Amino acid sequence: MRRVTPALFRPLELGGITLPNRIVVSPMCQYCADDGCMNDWHFVHLGHLAYSGAGLLMVEATHVTRDGRITHGCTGLYSEHNEAAMARVIAHCRRLSKNAIGIQIGHAGRKASSQVPWEGRDFLRADQSPWPTVGPSALPFGEGWHVPHELTVAEIRVLVEAFAASAVRAKHIGFDVLELHSAHGYLLHQFLSPLSNRRSDDYGTDRMKFALEVAHAVRDVWPKERALGARISGNDWVEGGLGPADAVAYAKALERAGFDYVCVSSGGLLSHARLNIGPGYQVPFAHEVKKSTSLRVRAVGMIVEPDQAEAIIAEGKADMVAMARAFLDNPRWVWHAAERWGVRLDYPPQYARSRPDQWPGSRLARPQALTKETQ
Ligand SMILES: Cc1cc2nc3c(=O)[nH]c(=O)nc-3n(C[C@H](O)[C@H](O)[C@H](O)COP(=O)(O)O)c2cc1C
């Protein structure tokens, strides 16, 4: 009998880097930065997730301009201060773990100027220091939301440069992975979807134009020996909106632009969209993209149980799984999954005594090993 390494714990080549396993901490906004700058919350939050054992830790959606932030508390990479504050946090994470760290960059477009979730997640009211928003067309996200200014071509060019400038800051900080946020109804997604882009110029007749200009601009500045990807939308969940076939077409274009991976999410484009949420509900979208491209593909959304995650990878539906809420709930998710299958992970030495084999007698039983006859 030989122990077989579960698919989840097999290494993955991603662009120029190798992830030690397929488990990713999904990007998660913390809504508590100071004018885009990370602070002690991020120091602790990312620090403890850095030694979670996940092969890749993704840093939250970080905005390429100040006005592109979703909320007053969102992180940015639009100033030297932002860069220095983030460099401090990432240097700290590096001291704690060798696993890869990535960053997601984006612009909120018409969904900027929002309240943080614990204040309602709605648009900022007049007494909450709102700011003007922008979008492909002057169409709001929902009833009562700020009507965005329709970006001119000159303003679009400035934003393409802002994405590239933030990518350069991320490169200086030393991230292993850069991810373009082109899902969840934020600016790049707003340009991609026919429900939010009603332009009659080239950026409307070719709705991928803006996103691909950004993709090429970041590809030009992002090192080939690291990894470059995008979060894309598999479904707008509104009639007439984007669906899985559009995700495939966009992923193919990103592949041609030299991207290494996509993470397939969905929703967020219109406030009234109703998502059909259930366990692994976005995995079929990821699978569609995986079947049609050579990109590495990450699945996300209601992936909670180790067996569920293992099946997604083992059945070839995706190459990586990302989890958000499961990691907030249980930052030891990876350790426990590894224990269960008898996979040996490096724990920080300070916590080594929590490993079950260092703690005989106090656990009811050793984890069930995934075993199979040697083939
Ligand atoms: C607190 C929180 C913050 C989030 N922030 C981001 C973000 O910055 N960028 C992003 O693409 N998705 C963000 N998401 C979505 C998650 O990355 C993930 O796609 C979603 O929660 C579904 O995965 P889950 O079921 O594992 O939570 C966030 C989710 C949560 C719970």
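These notebook entries record what I looked up about the pockets, the ligand and the enclosed space in this structure.

**Entry 1. The model.** I note at the outset that the model is predicted.

**Entry 2. The largest pocket.** I began with the open spaces of the protein. The largest pocket has a volume of about 1300 Å³. I found 42 residues in its lining, and Tyr31, Arg121, His184, Tyr186 and Arg231 are the closest to its centre. I then asked which elements give two or more residues to this lining. They are strand E13, at residues 320-323, and helix H10, at residues 325-329. Helix H10 gives the most, with three residues. I also sorted the lining of the largest pocket by residue class: 23 residues are nonpolar, 15 are polar and four are charged.

**Entry 3. The place of the ligand.** Next I asked which space the ligand takes. The ligand occupies the largest pocket. I counted 16 residues around the ligand, and those that come nearest are Ser26, Cys29, Gln104, Met302 and Arg325. The shell around the ligand divides into eight nonpolar, five polar and three charged residues.

**Entry 4. Polar contacts of the ligand.** I looked up three atom pairs between protein and ligand. For Ser26, a polar side-chain atom lies 2.7 Å from an oxygen atom of the ligand. For Cys29, the partner is a nitrogen atom of the ligand, and a backbone N or O atom of the residue lies 2.8 Å from that nitrogen. For Ala61, a polar backbone atom is 3.0 Å from an oxygen atom of the ligand. I then asked how much of the ligand the protein buries. Taken alone, the ligand exposes 600 Å², and the protein buries 83% of that area.

**Entry 5. The second largest pocket.** I turned to the second largest pocket, which holds about 510 Å³ of space. Its lining consists of 22 residues, and Leu96, Ser97, Lys98, Asn99 and Asp346 lie nearest its centre. By class, I recorded twelve nonpolar, six polar and four charged residues in the lining of the second largest pocket.

**Entry 6. Enclosed space.** I next asked how many cavities of 30 Å³ or more there are. The count comes to one. About 40 Å³ of space lies in the largest cavity. I listed its lining as Val25, Ser26, Met28, Gln30, His45, Leu46, Leu49, Leu57, Met58, Val59 and Glu60. The elements that give two or more residues to this lining are helix H1, at residues 40-50, and strand E5, at residues 56-63. Strand E5 gives the most, with four residues. The lining of the largest cavity divides into seven nonpolar residues, three polar ones and one charged one.

**Entry 7. A residue found twice.** I marked Ser26 in my notes on two counts. Ser26 is among the residues that come nearest to the ligand, and Ser26 also appears in the lining of the largest cavity.

Terms used. Residues are numbered from 1 along each chain as its sequence is written. This is a predicted model: local features need pLDDT of at least 70, side-chain atom pairs count only at pLDDT 80 or more; totals for chains, interfaces and linings use all residues. Side-chain values use heavy atoms; hydrogens and water are left out. On a 1 Å grid over the protein atoms alone, a cavity is a set of points where a 1.4 Å probe fits but cannot get out, and a pocket is an open set with protein on both sides within 12 Å along at least five of seven lines; lining residues have an atom within 4 Å of a point. Grid points are joined across faces, edges and corners, and a volume is the space filled by probe spheres set on the points. Ala, Val, Leu, Ile, Met, Phe, Trp, Tyr, Cys and Pro count as nonpolar, Asp, Glu, Lys and Arg as charged, and the others, Gly among them, as polar. A residue is near a molecule or strand if one of its heavy atoms lies within 4 Å of it. A polar contact is a pair of N or O atoms within 3.5 Å; within protein, one must be able to donate a hydrogen and the other to accept it, and residues adjacent in sequence count only if both atoms are side-chain atoms. Accessible areas come from the Shrake-Rupley method with a 1.4 Å probe; for residues, only the protein chains shown count as cover. A molecule sits in a cavity or pocket if more than half of its atoms lie within 2 Å of its grid points.
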